[in-house]
Amino acid sequence: MQMTPLIAVHAGAAIAAILVGPVALMARRQGTTGPRPRLHRMAGYLWVSLMVVAAITALFIRDFRLPNIAGYTPIHLLVPVVFGSLILAFWALARKRIRTHRITMISLYVSACLITGALTLLPGRYFGNLVFG
């Protein structure tokens, strides 16, 4: 697999999401005043936007070398997980279920950014080959 513009957009959004995620999580709302709620909201919306871009672009990146169905590999199962988790997180937020919102967003960051990011470094994957030769 070669670096295409689509993969570059996907990777750029994913890497940016990995970097922005901790800002959103660390600046979470402690109270209702001050700059932290604004930073949390701004970083959170940016992170959500990056995750949506990464998930949508992932739908168009197919790999026929790995075990797949029509080019969709098991890692593509994360796309509905991302959308479902984001919907759940905003639903919880709208109902002032902050704990559910927090747990959902932390779980999504760990699973979609950290674990999946680590999986891209496996041998045979583009970034695994790029990093480890």
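# Helix α3 and residue T116 in a five-helix predicted chain

The chain has 5 helices and 0 strands, where helices (H or I, at least four residues) and strands (E, at least two) are DSSP runs numbered from the N terminus.

Q: What kind of model is this, and how are residues numbered?
A: This is a predicted model, in which local features need pLDDT of at least 70 and side-chain atom pairs count only at pLDDT 80 or more, while totals for chains, interfaces and linings use all residues. Residues are numbered from 1 along each chain as its sequence is written, and side-chain values use heavy atoms, with hydrogens and water left out.

Q: What is the mean pLDDT of the chain?
A: The mean is 89, and 93% of the residues reach 70 or more; pLDDT is the predictor's confidence in each residue, from 0 to 100.

Q: Where is confidence lowest, and where highest?
A: Confidence is lowest in helix α5 (residues 126-132), with a mean of 84, and highest in α3, at 96.

Q: How many residues does α3 have, and what is its reach?
A: Helix α3 (residues 78-94) has 17 residues and reaches 24 Å from its first C-alpha to its last, close to the 24 Å expected at 1.5 Å a residue. That expected span is 1.5 Å times one less than the number of residues.

Q: Which residues of α3 are buried?
A: L78, V79, V82, S85, L86, A89 and A92 are buried, meaning under 20% relative accessible area, with exposed over 50% and partly exposed in between (1.4 Å probe, protein chains only). Seen down the axis of α3, these buried residues fall within an arc of 165 degrees, so they line one face of the helix. The arc is that of the directions from the helix axis to the C-beta atoms.

Q: And which are exposed on the other side?
A: P80, I87 and A94 are exposed there.

Q: What about K96, just after α3?
A: K96 takes a positive phi of about 60 degrees.

Q: Changing topic, where is T116, and is it buried or exposed?
A: T116 lies in helix α4 (residues 98-119). T116 is buried, its relative accessible area being 13%.

Q: What does its side chain reach, and what is T116 in contact with?
A: The side chain of T116 reaches the backbone oxygen of S111 at 2.8 Å. Leaving aside neighbours within four places in sequence, T116 is in contact (heavy atoms within 4.5 Å) with I75, L78 and S111. Of these, L78 is also one of the buried residues of α3.

Technical notes:
A polar contact is a pair of N or O atoms within 3.5 Å; within protein, one must be able to donate a hydrogen and the other to accept it, and residues adjacent in sequence count only if both atoms are side-chain atoms.
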